[in-house]
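Student: Could we go through this model together, beginning with its nonpolar core?
Tutor: Certainly; here it is.

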Amino acid sequence: MKRLSRSHSVVWMIAAGFLVTGLAATSARAAALKIGVVNYQVLVQSSPQYKAAISALRTEFMPKQKRLQAEAKTLQAKQAKLQRNEATMTQDQVAQAELDLREKVESFRQESGKVSQALTTKRNELFSKVQNSIALTVQHYAKQHGYSLVMVNDSVIYADPAYDLTPAILRILKASPAK
């Protein structure tokens, strides 16, 4: 086997030194790694921000939904009345009543679709704000307490309960005003 020259030996020794130094720095960084886990679903459903969003949706859309339900019952009653009285009505009266009913049903469907679309849009808007609020709170908490990594427990197979930040984050969310 060929013997390394003295300059090659020095180069190898320096390279080995860098490798050992790099490994030591990596293990030091790994030792300083602080990890936390949050139960995102609990944070969302228990936060006052979520509860305020649900309340706002109910306040805005419950009257509209009740009105649509009442209108649906009225249309069903008209349909039943038409079916009961059809035998005693002329063909023109039946045709006119059916046309009137179809127009009202179509109008009802359009209105129902508009309300449903508005509800979906508003719900997405409000829940997006809730999610952003929670994410910012978790990020702020993590930075403030020196966490290197915070993970959502849905994607973690196991986490020691000591790493669970959910109660601490929830206290912060409950302390901040729900908008």
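**Core and ring contacts**

Tutor: In the largest nonpolar core, which has 25 residues, L43, I134 and I169 touch the most other members. Such a core is a set of buried Ala, Val, Leu, Ile, Met, Phe, Trp, Tyr and Cys residues joined through side-chain atoms within 4.5 Å; buried means under 20% relative accessible area, exposed over 50%, and partly exposed in between, with a 1.4 Å probe and protein chains only. This is a predicted model, where local features need pLDDT of at least 70, side-chain atom pairs count only at pLDDT 80 or more, and totals for chains, interfaces and linings use all residues. Residues are numbered from 1 along each chain as its sequence is written, and side-chain values use heavy atoms, with hydrogens and water left out.

Student: Which elements give two or more residues to this core?
Tutor: They are α2 (40–46), α3 (48–85), α4 (91–144) and α5 (166–175). Helix α4 supplies the largest share, ten residues. Helices (H or I, at least four residues) and strands (E, at least two) are DSSP runs, numbered from the N terminus.

Student: And what does I134 touch?
Tutor: Leaving aside residues up to four places away in sequence, I134 touches Y40, L43, V44, S47 and L173; contact means heavy atoms within 4.5 Å.

Student: New topic: how many aromatic pairs are there?
Tutor: There are two, counting Phe, Tyr and Trp rings (six-membered ring for Trp) with centres within 6.5 Å; planes under 30 degrees apart are stacked, over 60 edge-to-face, the rest tilted. Y50 and F127 form a stacked pair, 5.5 Å centre to centre with 25° between the planes. Y50 belongs to helix α3 and F127 to helix α4, so this pair ties together parts 77 residues apart in sequence.

Student: Is Y50 buried or partly exposed?
Tutor: Y50 counts as partly exposed, because its relative accessibility is 22%.
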